[in-house]
There are 2 protein chains.
Amino acid sequence: MVKRSETTARLDDAARAGWLYYVAGRTQDEIASSMGISRQSAQRLVSLAVAERLIKVRLDHPIAACLELANAVRNKYGLRQVDIVPSDPGAGAATVGIAEAAAAEIERWLKKTDPIVLAVGTGRTLKATVDQLPAIECINHRIVSLTGNIAPDGSAAYYNVIFSMADAVKARHFPMPLPVLVTSAEERETLHAQQLVRSTLDMSAQADVTFVGIGELGIDGPLCVDGFLEKGEMMELMDNGAVGEICGWIFDSEGKLLDNPINERVASAPIPSRETSVVIGIGKGKRKMKAIKAAVTGHQINGLITDEEVAEYLLT
Amino acid sequence: MVKRSETTARLDDAARAGWLYYVAGRTQDEIASSMGISRQSAQRLVSLAVAERLIKVRLDHPIAACLELANAVRNKYGLRQVDIVPSDPGAGAATVGIAEAAAAEIERWLKKTDPIVLAVGTGRTLKATVDQLPAIECINHRIVSLTGNIAPDGSAAYYNVIFSMADAVKARHFPMPLPVLVTSAEERETLHAQQLVRSTLDMSAQADVTFVGIGELGIDGPLCVDGFLEKGEMMELMDNGAVGEICGWIFDSEGKLLDNPINERVASAPIPSRETSVVIGIGKGKRKMKAIKAAVTGHQINGLITDEEVAEYLLT
DNA sequence: CCCACCATTGAGTAATTGCCCATGAGCAAA
DNA sequence: TTTGCTCATGGGCAATTACTCAATGGTGGG
C-alpha cells in the first residue's frame with residue numbers, strides 16, 4: 001500500500017467521520033467507537049471536515065438564492081439586516097413582495113414585550129407595507145412619523161402612513177403636524193420650536209427602529225409627482241448630483257446629504273441614528289437602484305428590504 | 001397580492017431556518033430571535049427542512065479506502081464505473097449513503113447539455129435515490145421507466161419512481177403502462193405489441209444510461225414482500241439456483257437470466273445493452289451481496305454503486 | 001542525552017440541541 | 001353555542017455537541 005502523508009490520512013479520517021455524522025446521521029459517540037477513537041477526537045474530525053469544506057450543504061429551495069444575496073449585501077455594505085425577496089419578473093406593482101416582507105419585519109418588532117419607539121417615513125411603498133399589517137394590540141409601543149402629514153396644497157398628505165398603521169396597530173401614535181417642505185430654513189426653525197413638534201422630534205430621535213421608503217429622483221419620482229418640487233427644481237437638483245431621497249432628505253450618489261436650499265427646507269425629522277438604532281430602507285425596482293445604492297453606501301440606512309434584481313445590482 | 005398556501009409559507013420559513021442553521025452556521029437561538037419565534041419553533045423549522053429534504057448534504061472528498069476498493073472492483077469485474085461509499089457499521093437504513101451517491105451520479109448525467117435518454121427501474125433503493133434529487137430543469141432529456149407501474153392488485157405500484165423523479169426533474173418522462181408480471185408469455189406479446197408500449201420499449205432500448213436497483217431473492221426479498229410472487233414460487237425459484245433480480249428479471253449466481261416460467265411473464269423492458277450504454281446497479285447490505293456479485297459477474301450491469309462491505313465481499 | 005516546544009489527547013464543563021408534555025388556540029361537527 | 005378534535009406552542013429536561021485546559025508524548029535543536 002502506498003504510504004500517504006500524515007495530513008492526507010487525517011483528512012480521510014475527517015471525511016469518514018463527517019460522512020458518518022452528516023450523511024449517515026450517527027452521533028459522535030457512535031462514530032468514536034466505530035473508528036476506535038475517543039469521542040472528543042471524533043468531534044475534532046467532524047469539525048475538521050466542516051472547516052476543510054469537505055462537507056457541502058446546500059438548500060434546495062427557491063429562496064436559497066435570496067438568502068445568499070442577502071448575506072452578500074449585508075457584508076459588502078456593513079448593514080445590520082438585509083431581506084431579499086424574489087423578483088417578480090412579470091412586472092407587477094412596485095411593492096409586491098417587499099411590502100409583505102416589510103410588514104412581517106414590522107410585526108416582529110411590534111411583538112416585542114419591551115416598549116419600543118417605532119418611527120416611519122412615508123410614501124407609496126410604506127403605505128403598501130402598512131396595508132399588509134395584521135391587527136395587533138401593542139399599547140406599550142409608540143409609533144412616530146418622521147415626516148409631515150400636510151401636502152403642499154394644505155390638505156392631508158396622500159400617504160398618511162401613520163394613520164393607516166394606527167388603524168391596524170393599536171398603539172400610541174404621533175404624527176408630525178407639519179408640511180413636508182416649508183418655505184425657508186427660518187420657518188423650519190420656528191415650526192420645530194413649537195412644543196408639540198419639539199416633543200415629537202425628540203421622540204423620533206429615540207426611535208429603536210425606523211422604516212423608511214427610498215425615493216428616486218427624476219420628473220417621475222415621488223417628489224415631483226406629488227407636487228413637492230417643480231420640474232425645474234428637480235432638474236437642478238439632479239444636475240447637482242442628487243440621486244435619491246429619504247423622508248425628503250436628498251442625497252447624492254455617495255449617500256451624502258446635499259448642502260442645498262431644498263434640504264434646508266425639509267421639515268422632516270432627521271433620520272434616527274444608524275449607530276444606535278436600526279433604520280430599515282424599503283424599495284425595489286430598476287428606477288430606485290441608484291438611490292438604494294447611494295443610501296446604503298452613505299449609511300443613510302443600516303437595514304434594507306429589497307428584491308433580487310436590486311441586490312444583484314448592489315453587488316456589481 | 002398572490003395568495004400563498006399556509007404550507008408553502010411554512011416551507012419557506014423552514015428553508016430560511018435551515019439555511020441560517022446549516023449554511024450560515026447560526027445557532028437556533030439566533031435564528032429564533034432573528035425570525036421572531038421561539039427557540040423550539042426554530043428547532044422545528046430546522047428539522048422540517050431536513051425532513052422535507054430541503055437540506056442536502058454531500059461529502060466532497062474521495063476517501064482513499066473507498067477509492068481503492070472501487071478501483072479493485074472495477075478491474076476485477078470489468079465494470080465501467082464503480083462508486084463505493086463508506087459502510088455505516090451501526091445498521092441503519094438499507095439505502096443510507098448509496099442513495100445520495102446515486103443521486104449525485106444521476107445529477108451528473110442530467111447536467112449534460114446533449115440530450116440523453118435515462119432509464120430507471122424501480123424499488124426501495126431507487127425511490128430513496130430520487131428523493132435525494134434536487135430540482136433540475138432539463139427539458140432536453142427523456143426519462144423512461146423499464147418496469148410497469150401497475151401492482152399485482154391493479155393499483156399503481158408502490159414505488160412510482162419515475163413520477164417522483166419527474167416531480168424533481170422537469171423532463172419528459174415515459175412510464176410503462178403495464179403490470180410488472182403478466183399471466184403468460186402470450187399476454188406479454190400482446191401487451192408489448194401495443195403502440196404506446198412499443199414506443200416506450202424502443203426508447204428504453206436506446207437509453208444512454210440506466211439506473212436499476214438490485215433485488216435479492218428470498219421470502220423477505222422485494223418480489224415476495226410486495227406480493228409479486230407467492231412464497232412457494234419463490235422457494236422453487238431459489239431451488240433452481242436463482243439469487244437475484246433486476247427489474248423482475250431473475251438470474252442465477254452466474255448472473256445468467258433463468259429460463260423459467262417466471263422470466264417469461266416479466267413485462268419489463270429488457271435491460272439496455274451493456275455493450276453500448278451504461279447500466280448502473282445500486283444496492284448494498286449483506287442480504288444483497290450474492291445478488292450483486294451475480295449481477296456483476298454475469299454483466300447484467302456494467303456500473304455499480306455500493307458500500308465498502310459489499311465491495312470487500314466482491315473482492316474475496 | 002537533555003530540554004524546550006508544539007501538537008495531540010482526554011477530562012471536565014458550558015453551550016446547544018432534541019424531545020416530551022401540558023396548554024390553549026382554531027376549527028369543524030353536533 | 002357547545003363539544004371534541006387537531007395541532008402549533010413554549011417550558012422543561014435529557015442528550016448531544018463544542019470548547020477550555022492541563023497533561024502527555026513526540027520531535028528537533030543544542
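The exercises below work through aromatic rings, charges over rings and the surroundings of a DNA strand in a predicted model.

**Exercise 1**

Determine how many aromatic pairs the structure holds over all chains, and classify the geometry of each pair.

*Solution.* The count over all chains comes to two aromatic pairs. In chain A, the ring centres of Tyr21(A) and Tyr22(A) are 4.9 Å apart and the ring planes meet at 85°, so this pair is edge-to-face, given that planes over 60 degrees apart fall into that class. For Tyr21(B) and Tyr22(B) in chain B, the centres are 4.9 Å apart and the planes stand at 85°, so that pair is edge-to-face.

**Exercise 2**

Decide whether Tyr21(A), Tyr22(A), Tyr21(B) and Tyr22(B) are buried, partly exposed or exposed.

*Solution.* The step needs two limits, because buried means under 20% relative accessible area and exposed means over 50%, with partly exposed in between. Tyr21(A) has a relative accessible area of 29% and is therefore partly exposed, while Tyr22(A), at 28%, is partly exposed. In chain B, Tyr21(B) is partly exposed at 30%, and Tyr22(B) is partly exposed at 27%.

**Exercise 3**

Find the ring over which the charged end of Lys293(A) sits, and do likewise for Lys293(B).

*Solution.* In chain A, the charged end of Lys293(A) sits over the ring of Tyr313(A), at 5.0 Å from the ring centre. In chain B, the ring is that of Tyr313(B), and the charged end of Lys293(B) sits over it, 5.0 Å from its centre.

**Exercise 4**

Describe the protein surface near DNA strand C, going from residues to elements and then to contacts with phosphate oxygens.

*Solution.* Begin with the residues: those surrounding DNA strand C come from chains A and B, among them Arg39(A), Arg44(A), Tyr21(B), Asp29(B) and Arg44(B). Sorted by class, this surface has one nonpolar, six polar and five charged residues.

Next come the phosphate contacts, where a polar side-chain atom of Ser38(A) lies 2.5 Å from a phosphate oxygen of DNA strand C, and an N or O atom in the side chain of Ser41(A) is 3.2 Å from a phosphate oxygen of the strand. From chain B, Gln28(B) has a polar side-chain atom 2.7 Å from a phosphate oxygen of DNA strand C.

As for elements, two or more residues each are given by α3 (39-51) of chain A and by α2 (28-35) and α3 (39-51) of chain B. The most comes from α3(A), which gives four residues.

Finally, turn to the DNA side: of the atoms of DNA strand C within 4 Å of the protein, 47% belong to sugar or phosphate, and the rest belong to bases.

Conventions:
Residues are numbered from 1 along each chain as its sequence is written. Chains are lettered from A and ligands numbered from 1 in the order in which they are written. This is a predicted model: local features need pLDDT of at least 70, side-chain atom pairs count only at pLDDT 80 or more; totals for chains, interfaces and linings use all residues. Side-chain values use heavy atoms; hydrogens and water are left out. Rings of Phe, Tyr and Trp (its six-membered ring) pair if their centres lie within 6.5 Å; planes under 30 degrees apart count as stacked, over 60 as edge-to-face and the rest as tilted. Buried means under 20% relative accessible area, exposed over 50%, partly exposed in between (1.4 Å probe, protein chains only). A charge sits over a ring if NZ of Lys or CZ of Arg is within 6 Å of the ring centre and within 35 degrees of the ring normal. A residue is near a molecule or strand if one of its heavy atoms lies within 4 Å of it. A polar contact is a pair of N or O atoms within 3.5 Å; within protein, one must be able to donate a hydrogen and the other to accept it, and residues adjacent in sequence count only if both atoms are side-chain atoms. Ala, Val, Leu, Ile, Met, Phe, Trp, Tyr, Cys and Pro count as nonpolar, Asp, Glu, Lys and Arg as charged, and the others, Gly among them, as polar.
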